[in-house]
Amino acid sequence: MTTSAQSNGELRPSCSIRGPQVSIVIPVYNEEAILHAAVVDLRERLESTGWKYEIILAENGSHDSTIEIGQELANKYGNARMGQVKIISVGEPNYGKALKQGILLAQGDIVICDEIDLCDVDFHRHAVELLDTGEADLVIGSKLAEGSEDDRPAIRHVASIAYSSMLRTLLGFRGTDTHGLKAFRRTALLDVVRACLIDKDVFASEFVIRADRGGVRTKEVPVRVIEKRPPSINLFKRIPNVLKNVAKLMYAIRVRG
């Protein structure tokens, strides 16, 4: 792919480009209330970038109208020249599996992992600029880094701090956040994605930690997180599964390598 870097993070395509420059992978689960509006709004805000991009909705086990709405969006925008929408389904409630499959199916040179209730185009622009200028191969939008704003309920902010602290203590993680927004050069991180053994909520953490341990050039940038709807799974119900999956993660990284 041939592009020219712009100071505002806008990739300018050359006439030789055929596939998308940027793939935006968004796991979705029971998101019928906001899915259509969020995707339409995201496409509108991406128009000014000039990117040729695809949005991959990675559905995982929804029991509402998420799949139908996603398919309607794919039918409407599936052949769009600058902003295609695609949907895949892994058939079970499994965030990590859906995210991994979406990344593996992505065609863009740059992959952005987003959340349907965030769709932070400011992060997209900044991350693409950092990647395109060679400052990093992986950019993480951290809600815990200095300068970030976490406007979620205090209990969720505290839980994020506790989780990141646990990863630093048990696995030597050197960053502040593993979940949420990420952007990376696909060719630089695809082997890391394939090496990940754990799915569910911990896939994102394994991906970031393996990249960190493998010496991937990583840069954290502060982001603002606003809760647009209540989380799909109760925080306290998630704790036992998260602890179990972190134990699996320790085994996968420290024992299996």
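H5 and H7 sit oblique to each other in this predicted model, because their angle of about 45° falls outside the ranges for roughly parallel (under 35 degrees) and roughly perpendicular (65 to 115). H7 also packs with H6, at an angle of about 130°. Away from the helix packing, two residues that aren't glycine, Cys-119 and Lys-200, have a positive phi.

**H5 against H7**

- Two packed helices are described by the angle between their axes and the distance between the axes.
- For H5 (residues 154-171) and H7 (residues 203-213), the axes run 12 Å apart.
- The H5 and H7 pair makes a right-handed crossing.
- On the H5 side, the contact comes from Tyr-163, Leu-167 and Leu-171, and H7 answers with Ser-205, Ile-209 and Arg-213.
- Sort the residues of that H5 and H7 contact by class and you get four nonpolar, one polar and one charged.

**H6 against H7**

- H6 covers residues 186-195, and its axis lies 9 Å from that of H7.
- The angle of about 130° makes H6 oblique to H7, since roughly antiparallel would take an angle over 145 degrees.
- H6 and H7 cross in a right-handed way.
- H6 brings Leu-189, Val-192, Val-193 and Ala-195 to this contact, while H7 brings Phe-203, Glu-206, Phe-207, Arg-210 and Ala-211.
- By class, the H6 and H7 contact has seven nonpolar residues, two charged ones and no polar ones.

**Positive phi outside glycine**

- As background, most residues other than glycine have a negative phi.
- Cys-119 goes the other way, with a phi of about 45°.
- You'll find Cys-119 in the loop between strand S6 (110-113) and helix H4 (121-132).
- Cys-119 counts as buried because its relative accessibility is 3%, and the cut-off for buried is under 20%.
- Lys-200 has a positive phi too, near 50°.
- Lys-200 belongs to the loop between H6 and H7, the two helices whose crossing is right-handed.
- With a relative accessible area of 34%, Lys-200 is partly exposed, as that value falls between the 20% limit for buried and the 50% limit for exposed.

Definitions and conventions. Residues numbered from 1 in each chain as written. Predicted model: local features only at pLDDT ≥ 70, side-chain atom pairs only at ≥ 80, totals over all residues. Heavy atoms only, no water. Axes fitted to C-alpha atoms, helices over the stretch in contact; angles between N-to-C directions. Helix = DSSP H or I, 4+ residues; strand = E, 2+ residues; numbered from the N terminus. Left-handed = near helix turned anticlockwise from the far one by under 90°. Contact = heavy atoms within 4.5 Å. Nonpolar A, V, L, I, M, F, W, Y, C, P; charged D, E, K, R; others polar. Buried < 20%, exposed > 50% of the residue type's maximum accessible area, 1.4 Å probe, protein only.
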